[in-house]
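User: Please take a close look at one part of this model for me. I would like to follow it from its pairing partners to its side chains, and then out to the surroundings.

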Amino acid sequence: MDNETKNLLEQFNQQVPETNEEVAIDMNSIRAGVREMFLSLAGEIHSNGKVESINIPALNHVIPARVYYPEQEKPDGTLLPTVIFLHGGGWSLGDLDCYHDLMRALADLSGAIFISVDYRLSPEFKYPSGLDDAYHATLWAFDNVANLGGDHTKLAIMGDSAGGNLALIVANRLHQNTSLRLVALYVIYPVLDVHSSHETYQSRLDFGDGEYLLAREAIDGTRDWYLNENNNASDPEISPIFLPKLEQLPTTTMLVAGYDPLRDEGEIFADKLKRAGSLARFSCFDSTIHAFLSFGVLDVSQQARQYLATAIQTDLFS
C-alpha cells in the first residue's frame with residue numbers, strides 16, 4: 001500500500017466511532033457526510049471548463065444532470081466525443097456535487113464532454129428506479145447530445161462502484177434490445193455480484209472487515225436498501241457477473257484497486273470479457289483502496305485519471 005493511501009485510511013479509521021449500539025439510519029446525514037468527505041479529498045480544482053446543468057425528461061419525472069466541457073474550447077461546429085457518467089455510492093449515496101471535481105478533471109484531461117447523471121437513489125427509490133434513470137438518460141443522449149456539442153456516433157458510458165454496475169447493465173440492455181451502439185464502456189471497481197457469499201471472493205475476506213473503507217456489511221446493507229423483497233440478487237441486471245453474451249458489450253476498460261473487497265470479482269469478470277473479445281484494457285492499481293479515483297489528493301488517483309483520459313482519447317478520438 002502506498003504511503004498516501006495508508007495515511008488516508010488511518011484518518012478514516014480514526015473517525016469511525018467504536019460502539020455496539022444500534023443507531024437509527026438517517027440517510028440525509030449519511031449522504032451529507034459522504035459529500036463532505038468527497039469534497040474535502042477532491043484535490044486540485046479544475047475550474048475553467050464550462051459546466052451546464054440540465055434536466056433529462058423521463059417517463060413521469062426529470063433526471064438532473066450536469067454537462068462538463070473540456071477547458072480547451074473546440075473549433076466552432078466541431079462535435080466532441082461524449083461520456084455518460086454514473087456515480088458510485090451503493091445505489092444510495094453520492095450525487096453530482098460529490099463527483100463534480102472528478103468530472104471536471106476527466107473532461108479536461110481527455111478533451112471529451114462528460115454528462116454526469118443524478119439518478120434516483122435507494123432506499124427511497126428501489127430497483128430498478130436508478131437503473132431505469134441511467135438507461136433513459138443514455139437513450140436521451142443519443143437523440144439530444146448534438147444540441148450540447150456532443151457527437152452521438154462517439155458516445156461512451158462510464159461508472160464507478162455501483163455506477164459501474166449500472167453502466168454495465170445499461171450497455172448490455174442497449175446492445176441487446178436496440179440498434180444503438182456505444183463506442184466504449186469504462187467500469188471502475190464495479191459492484192458485480194451481490195448474490196454470492198462473501199467467501200466466494202478472497203478479496204472480500206481479506207479487505208472487507210471495514211479497515212479498508214468498504215466493508216462486507218456495507219455491501220450487504222446497500223444491496224438490501226436497493227432491492228425489493230421479490231428481487232433475485234442473481235438476476236444479471238442486479239449482479240452483472242452473471243451476464244451472458246459478453247461479446248455484445250462495447251469495447252470495455254476496467255480498473256480495480258489492490259486493497260478493495262471487490263477486486264477479485266472484477267478480475268474474474270475482466271477475464272470473462274477477455275475471452276468474449278470485449279476487453280480493451282484492464283488495470284489493477286495495486287497500492288490503493290476502493291473509491292480512490294475520487295480522492296484527487298492521492299497521486300495514484302491522478303495516475304488513474306490520466307490512464308482513463310488516455311483510454312478515452314484512444315477509443316473515441318481516433
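Analyst: Two strands pair if DSSP finds at least two bridges between them. Helices (H or I, at least four residues) and strands (E, at least two) are themselves DSSP runs, numbered from the N terminus. This is a predicted model, in which local features need pLDDT of at least 70 and side-chain atom pairs count only at pLDDT 80 or more, while totals for chains, interfaces and linings use all residues. Residues are numbered from 1 along each chain as its sequence is written, and side-chain values use heavy atoms, with hydrogens and water left out.

Let's settle on strand β3, residues 80–86. It is mostly covered, with 7 of its 7 residues buried (under 20% relative accessible area; exposed is over 50%, partly exposed in between; 1.4 Å probe, protein chains only). β3 has a parallel partner in strand β5, residues 150–160, and 6 bridges connect the two. Within that pairing, Ile84 is matched with Ile157 of β5. Strand β4, residues 113–117, also runs parallel to β3, joined to it by 5 bridges. Here Phe85 has Ser116 of β4 as its bridge partner. To get from β3 to β4, the chain passes through helix α3, residues 100–110, in a β-α-β crossover that is right-handed (clockwise from the first strand over the helix to the second, with the strands pointing away from the viewer).

Phe85 is worth following further. It is buried, at a relative accessible area of 0%. Rings of Phe, Tyr and Trp (its six-membered ring) pair if their centres lie within 6.5 Å, with planes under 30 degrees apart stacked, over 60 edge-to-face and the rest tilted. By this rule there are 12 aromatic pairs. One of them joins Phe85 and Tyr99: the ring centres are 5.5 Å apart and the planes lie at 45°, so this pair is tilted. Since Phe85 belongs to β3 while Tyr99 sits in the loop between β3 and α3, the pair ties together parts that are 14 residues apart in sequence. Tyr99 is buried too, with a relative accessible area of 2%. Phe85 and Tyr99 also belong to one aromatic cluster with Phe12, Phe38 and Phe295.

Another aromatic pair is that of Tyr212 and Tyr259, whose ring centres are 5.9 Å apart with planes at 15°, so it counts as stacked. Tyr212 is in the loop between α6 (202–207) and α7, and Tyr259 is in the loop between β7 and α8 (263–276), so the parts tied together are 47 residues apart in sequence. Tyr259 is partly exposed, at 23% relative accessibility.

Back at the crossover, His100 is found in helix α3. This residue is buried, with a relative accessible area of 18%. Its side chain makes a polar contact of 3.3 Å with the side chain of Arg66; such a contact is a pair of N or O atoms within 3.5 Å, where within protein one must be able to donate a hydrogen and the other to accept it, and residues adjacent in sequence count only if both atoms are side-chain atoms. Leaving aside residues up to four places away in sequence, His100 touches Val51, Arg66 and Tyr68 (contact means heavy atoms within 4.5 Å).

Elsewhere, Glu237 lies in the loop between α7 (216–226) and β7 (251–257). Glu237 is buried, with a relative accessible area of 18%, and its side chain forms a polar contact of 2.9 Å with that of Arg173. Residues up to four places away in sequence aside, Glu237 touches Tyr127, Leu131, Ile169 and Arg173.
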